[in-house]
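I opened this entry to look up how two helices pack and how the cysteines at their contact are placed.

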Amino acid sequence: MDIVLLHEGTEDVNIGLGHRVAPGVTIAIKVTTEAACRRIARYAFAYAQKHGRHRVTLVHKANIMKRADGLFIRCGEEAAA
């Protein structure tokens with residue numbers, strides 16, 4: 001396999017935003033901004049062009065996280081155009 005994996009690590013649940021709701025119960029908050037989605041999408045396509053890659057695949061969970069990952073897909077599609 002010849003795969004390059006790019007991961008946006010400044011947002012999402014990576015920021016550590018969450019809190020304890022009750023003993024033994026915590027929640028994590030997923031933060032997604034259009035700016036970060038656009039940044040990683042533009043970078044991925046620029047990387048692909050620079051390194052002779054012919055395909056960029058966006059991996060998401062938009063079936064569950066419709067708004068946050070839907071934003072990511074939209075930004076990726078705009079970058080692809």
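I count a residue as buried when its relative accessible area is under 20%. The model I am reading is a predicted one. By that cut-off I noted cysteine 75 as buried, because its relative accessibility is 1%, and I noted cysteine 37 as buried too, its relative accessible area being 4%.

I then looked up the packing of the helices. Helix 1, residues 34-50, packs against helix 2, residues 66-80, at an angle of about 40°, and I find their axes 8 Å apart. I therefore entered helix 1 as oblique to helix 2. For the handedness, I recorded the crossing of helix 1 and helix 2 as right-handed.

Next I listed which residues meet. From helix 1 I have Glu34, Cys37, Arg38, Ile40, Ala41, Arg42 and Phe45, and facing them in helix 2 I have Leu71, Phe72, Arg74, Cys75, Gly76, Glu78, Ala79 and Ala80. Sorting the residues of this contact by type, I get 9 nonpolar, 5 charged and 1 polar.

With Cys37 and Cys75 both in that contact list, I asked how many disulfides a search of the whole structure finds. The search returned 0 disulfides. Cysteine 37 is in no disulfide, and the nearest cysteine sulfur to it belongs to cysteine 75, 4.8 Å away. Why is there no bond from the sulfur of cysteine 75 to that of cysteine 37? I put it down to distance, because the closest cysteine sulfur to that of cysteine 75, in cysteine 37, is 4.8 Å away, which is too far for a bond; the cut-off I apply for a disulfide is sulfur atoms within 2.5 Å.

Notes: Residues numbered from 1 in each chain as written. Predicted model: local features only at pLDDT ≥ 70, side-chain atom pairs only at ≥ 80, totals over all residues. Heavy atoms only, no water. Axes fitted to C-alpha atoms, helices over the stretch in contact; angles between N-to-C directions. Helix = DSSP H or I, 4+ residues; strand = E, 2+ residues; numbered from the N terminus. Parallel < 35°, antiparallel > 145°, perpendicular 65-115°, else oblique. Left-handed = near helix turned anticlockwise from the far one by under 90°. Contact = heavy atoms within 4.5 Å. Nonpolar A, V, L, I, M, F, W, Y, C, P; charged D, E, K, R; others polar. Buried < 20%, exposed > 50% of the residue type's maximum accessible area, 1.4 Å probe, protein only.
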